Amino acid sequence: MGGHDPLVLMCLPEAIEEFLSCLRARKLSPHTVSGYESDLRIVGEIAAGLAGVAVDGLEVRHLNGRLIRGAFAVFSDPRSAASINRAWSAWNRLLTFCVSEGMLEGNPMAAVPRPKQPAKAPKPLLGDGTASAELLERIAAGARKARDPWVERDLVVLGLALVTGMRSAELLGVTLGSIGGSAGDRRIQVVGKGGKTRSLPIEPPIEFLIERYLDSRLRRFGLTALPRSAALLVDTANEPLRRGGLQYLVRQCYRYAGIHDRVQKGTLVHALRHEFATRLAERGASAHELMELLGHSSIVTGQAYVASTAREVRRAAQGNPAYGVLDRLGAGGGDG
């Protein structure tokens with residue numbers, strides 16, 4: 001009578017929904033979950049077509065190496081290696097989940113070839129290294145034209161990205177309570193990919209700009225105080241800034257500062273993160289220090305930025321040239 005327990009019978013759409021619910025419970029970003037969902041459903045529909053059934057009728061137990069390999073062959077034809085790799089990862093995680101839930105005996109993704117991708121080169125702002133200074137100075141001087149200009153907020157968005165290297169989602173997740181420590185030794189607690197937290201040092205110039213921005217926020221909205229749970233970055237309606245709003249703000253800042261032609265294709269807010277890491281590497285930050293500051297899981301990515309080694313993490317962060325610009329803006333007015 002021995003043998004294995006019978007497989008749990010479940011159709012693919014239901015399994016995908018259970019898997020996505022699991023990801024949401026782990027607090028993955030909505031953007032990441034949305035990307036997974038899109039790749040899973042597209043490849044799933046192709047697989048169902050190859051199997052000659054409606055996608056609602058495709059049972060997980062029938063997902064074998066040949067079927068998934070055929071679906072990926074169709075999916076891959078018009079797409080880049082990066083898109084194929086992303087979909088491969090999504091399906092690998094889904095089918096691993098299905099194995100753990102007793103829907104499959106084994107993960108068939110080993111039968112699906114995965115394209116090799118060249119190592120991604122950093123994409124900082126182009127030019128001689130002065131683009132970030134020009135960006136900050138021109139925005140401080142009021143270069144960005146908007147219906148409801150808010151120079152103090154724009155400077156904090158750009159400044160924080162340039163002196164911490166935070167990802168878009170990390171910037172948007174910062175609350176007032178995320179900032180701690182005594183004056184001159186402040187740090188920001190950041191929740192990164194996979195819910196991992198790290199502590200990023202910030203120096204007096206950005207502290208000053210944050211304080212000035214928060215004062216302007218109280219005045220702008222007629223408030224007397226803000227709770228520690230409040231989002232640090234907000235829109236002109238005092239609502240937490242969202243991904244689309246952040247992208248629009250940064251794009252407009254590039255445009256009005258006259259550096260939009262120095263932003264490399266495929267980057268926007270992320271260009272500021274690459275700028276952060278590249279300029280620190282030029283000034284001696286090690287791959288290990290960059291790994292800590294950027295929140296990478298492997299030192300390999302940080303090595304792409306490194307020109308030389310040594311320096312402690314805080315000293316590496318202090319070497320960021322954006323601090324000098326922010327210091328001058330704080331001391332010399334720059335109120336726009």
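The exercises below, each with a worked solution, concern a predicted model.

The model is predicted, so local features need pLDDT of at least 70 and side-chain atom pairs count only at pLDDT 80 or more, while totals for chains, interfaces and linings use all residues. Residues are numbered from 1 along each chain as its sequence is written, and side-chain values use heavy atoms, with hydrogens and water left out.

**Exercise 1. The sheet**

Task: Determine in which order the strands form the sheet, and which strands stand at its edges.

Solution.
1. Strands (E, at least two residues) and helices (H or I, at least four) are DSSP runs numbered from the N terminus. Two strands pair if DSSP finds at least two bridges between them.
2. E1 and E2 (residues 187–191) run antiparallel and are joined by 2 bridges. Within this pair, Gly180 is opposite Arg187 of E2.
3. E2 and E3 are also antiparallel, with 5 bridges. Here Val191 has Thr197 in E3 as its bridge partner.
4. The 3 strands therefore form an open, antiparallel sheet in the order E1-E2-E3. Strand E1 (179–180) and strand E3 (197–201) each have a single partner strand, so they stand at the edges and one side of each lacks a neighbour in the sheet.

**Exercise 2. Turns and faces**

Task: Identify which residues of the two hairpins take a positive phi, and state which side chains of E2 are buried.

Solution.
1. The hairpin of E1 and E2 has 6 residues between its strands, and Gly181 takes a positive phi near 95°.
2. In the hairpin of E2 and E3, 5 residues lie between the strands, and Gly194 in the turn has a positive phi of about 70°.
3. Buried means under 20% relative accessible area, exposed over 50%, and partly exposed in between, with a 1.4 Å probe and protein chains only.
4. Side chains alternate along E2: Ile188 and Val190 are buried and point to one face, whereas Arg187, Gln189 and Val191 point to the other and are not buried.

**Exercise 3. Aromatic rings**

Task: Describe how Phe72 and Phe75 are arranged.

Solution.
1. Rings of Phe, Tyr and Trp (its six-membered ring) pair if their centres lie within 6.5 Å; planes under 30 degrees apart count as stacked, over 60 as edge-to-face and the rest as tilted.
2. The whole structure contains 5 aromatic pairs. In one of them, Phe72 and Phe75 are 5.9 Å apart centre to centre with 65° between the planes, an edge-to-face arrangement.
3. Because Phe72 and Phe75 are 3 residues apart in helix H3 (residues 65–76), about one helical turn separates them. Both residues are buried.
4. Elsewhere, Phe19, Tyr36 and Phe97 make up one aromatic cluster.

**Exercise 4. The cavity**

Task: State which residues line the largest cavity.

Solution.
1. On a 1 Å grid over the protein atoms alone, a cavity is a set of points where a 1.4 Å probe fits but cannot get out; lining residues have an atom within 4 Å of a point.
2. The structure holds 1 cavity of 30 Å³ or more, and the largest cavity has a volume of about 40 Å³.
3. Its lining consists of Ile139, Gly142, Ala143, Arg144, Ala146, Pro149, Trp150, Val151 and Asp154.

How values were computed. On a 1 Å grid over the protein atoms alone, a cavity is a set of points where a 1.4 Å probe fits but cannot get out, and a pocket is an open set with protein on both sides within 12 Å along at least five of seven lines; lining residues have an atom within 4 Å of a point. Grid points are joined across faces, edges and corners, and a volume is the space filled by probe spheres set on the points.
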